[in-house]
Each structure stands twice: as structure tokens, then as C-alpha cells.
Amino acid sequence: MGDRQAPDPLLLVQELVNTLDIETGADDLARPEGLAAFVRTHRLSAFGLGARDLPELRELREALRAACLAHGGVPMPPGHAEALERRLSAAALTLSIGTDGGTALRPAPGLTGLAALTAHLAAKIATAAGDGTWQRLKACEARDCVWVYYDRSPAGRRRWCDMAVCGSRAKMRAYRARRAR
């Protein structure tokens with residue numbers, strides 16, 4: 001992923017959304033084994049995620065993808081906006097203040113399963129929104145891709161995850177459409 005990889009705290013959001021490869025149809029969250037691997041890879045075992053969480057986790061993933069598309073100017077479909085609002089508004093967070101006076105948002109004590117993960121993601125998104133990086137987490141505009149990437153371009157106007165592949169395809173389609181007229 002290299003230069004397209006999001007900084008922490010957005011990396012987990014990016015990697016959750018990218019558990020579905022639209023182009024190939026490969027879905028890491030299609031089965032409980034895939035969820036277990038994701039939990040292991042990202043050290044999320046404390047949340048107690050299980051197979052029962054998969055349908056709602058996939059819904060959260062697609063709502064987050066829609067938010068990333070919106071960062072590039074594609075309006076969020078109402079269903080995704082409502083799902084994201086419902087999930088994030090139920091994400092109980094606490095503000096802790098450390099001995100050095102620094103602050104951190106954390107999931108409220110006692111949360112488990114998808115509620116705990118959602119609160120964890122909400123804290124990361126709030127931190128990223130505060131430091132100005134949330135808007136740079138985008139989804140590729142190519143409908144056969146929609147891969148989430150981090151826009152490191154100076155102006156923050158990147159539209160595709162990879163100019164050499166998705167960008168070139170889009171520009172070629174536009175060129176052919178103009179020539180056909």
C-alpha cells in the first residue's frame with residue numbers, strides 16, 4: 001500500500017473497509033474464520049467479536065466506505081448515512097486525562113463485541129477529524145474498485161487509489177466517450 005496507507009489512527013478504519021475487494025469479490029469478513037484472522041492481525045481480541053457480529057460489521061464497513069467516498073465528493077446514500085449515524089451514536093466513549101494532562105477518547109468500560117469495536121473506531125475517527133486527517137481517507141471513484149486509500153497529495157484532490165490503474169482506466173473511458181460523440 002505504501003504511500004496510500006493511512007496514518008494511525010485511521011489505519012484500522014482503512015483496513016476494515018478494505019476487507020472487501022470489490023473487483024475480485026473477495027470478502028475477508030464473509031466467514032467467521034476471516035473475522036478471526038482480522039481480529040488476530042489487528043489485536044482486537046479484547047473486544048470479543050464473534051460470528052454473530054459479522055452482518056452488522058459488514059454493514060458498518062460499507063457505511064464507512066460510503067463516508068470515504070463522500071470525502072471525494074460522492075454524496076453518501078441515505079441508508080449508509082443512517083447506518084453510520086446509528087452505529088456511531090451508540091458508540092459510548094469516555095474522555096480520559098493522563099497524568100501529563102493529555103487527553104484520549106476511549107470506549108466506555110464494559111462494551112463488548114461490535115459495540116466495543118465501533119466505539120474504538122469512533123474514537124479514532126474523532127481524533128482524525130480533530131487533526132484534519134479524516135477527510136483525506138477516501139475511496140477510489142472507480143466503481144469496480146472503491147478501495148480506500150489515504151490521499152497524501154498536496155491539495156488533497158486525489159480521486160483514484162492508483163493513477164496508473166484506476167485513474168488511467170477512467171481517463172481512457174472519458175476519452176473514448178468524447179471520441180464517440
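1. Val146 is found in the loop that runs between strands β3 (137-139) and β4 (148-150). The model under review is a predicted one. In this model the phi angle of Val146 is near 55°, a positive value in a residue other than glycine. Most residues other than glycine have a negative phi. Val146 is also buried, with a relative accessible area of 6%.

2. A second positive phi deserves a comment. Arg43 has a phi near 55°, again in a residue that is not glycine, and Arg43 belongs to the loop between α2 and α3. Is Arg43 buried or exposed? The relative accessibility of Arg43 is 76%, so Arg43 counts as exposed. Val146, by contrast, has a relative accessible area of 6% and is buried.

3. The backbone has a further feature in the segment before α1 (11-17), where Pro9 is found. The peptide bond that joins Asp8 and Pro9 is cis, with omega at about 20°. Most peptide bonds are trans.

4. Helix α2 may be described by its two sides. Which residues of α2 are buried? They are Gly34, Leu35, Phe38 and Val39. These residues cover an arc of only 140° around the axis, and therefore they sit on the same side of α2. The other side of α2 carries the exposed residues Arg40 and Thr41. An α-helix has 3.6 residues a turn, so residues three or four places apart point the same way.

5. Helix α2 also contributes to the largest pocket. The space in this pocket amounts to about 150 Å³. Ten residues line the pocket, and those nearest its centre are Glu15, Thr19, Asp28, Phe38 and His42. Where does the largest share of the lining come from? Helix α2 (residues 32-41) supplies that share, with four residues. Phe38, named above among the lining residues nearest the centre, is also one of the buried residues of α2. By character, the lining divides into three nonpolar, five polar and two charged residues.

6. Helix α4 can be treated in a similar manner. Its twelve residues, at 1.5 Å a residue, should span 16 Å; the end C-alpha atoms are 16 Å apart, which agrees with the expected span. Ala83, Leu84 and Arg87 are buried in α4. Viewed down the axis of α4, the buried residues fall within an arc of 95°, so they line one face of the helix. Pro78, Glu82, Glu85 and Ser89 are exposed on the other side of α4.

7. How many salt bridges are counted in the model? The count comes to ten. One of them joins the side chains of Glu59 and Arg86, with an N to O distance of 2.9 Å. This pair links distant parts of the chain, since Glu59 lies in helix α3 (residues 54-70) and Arg86 lies in helix α4 (residues 78-89), 27 residues apart. Glu59 is partly exposed, with a relative accessible area of 30%. Arg86 is likewise partly exposed, with a relative accessible area of 43%.

8. Other salt bridges form a network. Which residues does this network link? Its members are Asp27, Arg61, Glu62 and Arg65. Within it, Arg61 pairs with Glu62, the closest N and O atoms being 2.9 Å apart. Glu62 also forms a salt bridge with Arg65, where the closest N and O atoms are 2.8 Å apart. Glu62 and Arg65 both belong to helix α3 and are three residues apart, about one turn of the helix.

9. The two arginines of this network merit attention for their accessibility. The cut-off for a buried residue is under 20% relative accessible area. Arg61 has a relative accessibility of 3% and therefore counts as buried. Arg65 is buried as well, with a relative accessible area of 4%.

10. A last point concerns Pro55, which lies in helix α3. Pro55 is partly exposed, with a relative accessible area of 48%. The C-alpha atoms of Pro55 and Ala30 are separated by 8.8 Å, while the two residues are 25 residues apart along the chain.

Notes
Residues numbered from 1 in each chain as written. Predicted model: local features only at pLDDT ≥ 70, side-chain atom pairs only at ≥ 80, totals over all residues. Heavy atoms only, no water. 1 Å grid on protein atoms, 1.4 Å probe; cavity = no way out; pocket = protein on both sides within 12 Å on 5 of 7 lines; lining within 4 Å. Points joined across faces, edges and corners; volume = space filled by probe spheres on them. Nonpolar A, V, L, I, M, F, W, Y, C, P; charged D, E, K, R; others polar. Salt bridge = Lys/Arg side-chain N within 4 Å of Asp/Glu carboxyl O. Buried < 20%, exposed > 50% of the residue type's maximum accessible area, 1.4 Å probe, protein only. Expected span 1.5 Å × (residues − 1). Arc of directions from axis to C-beta.
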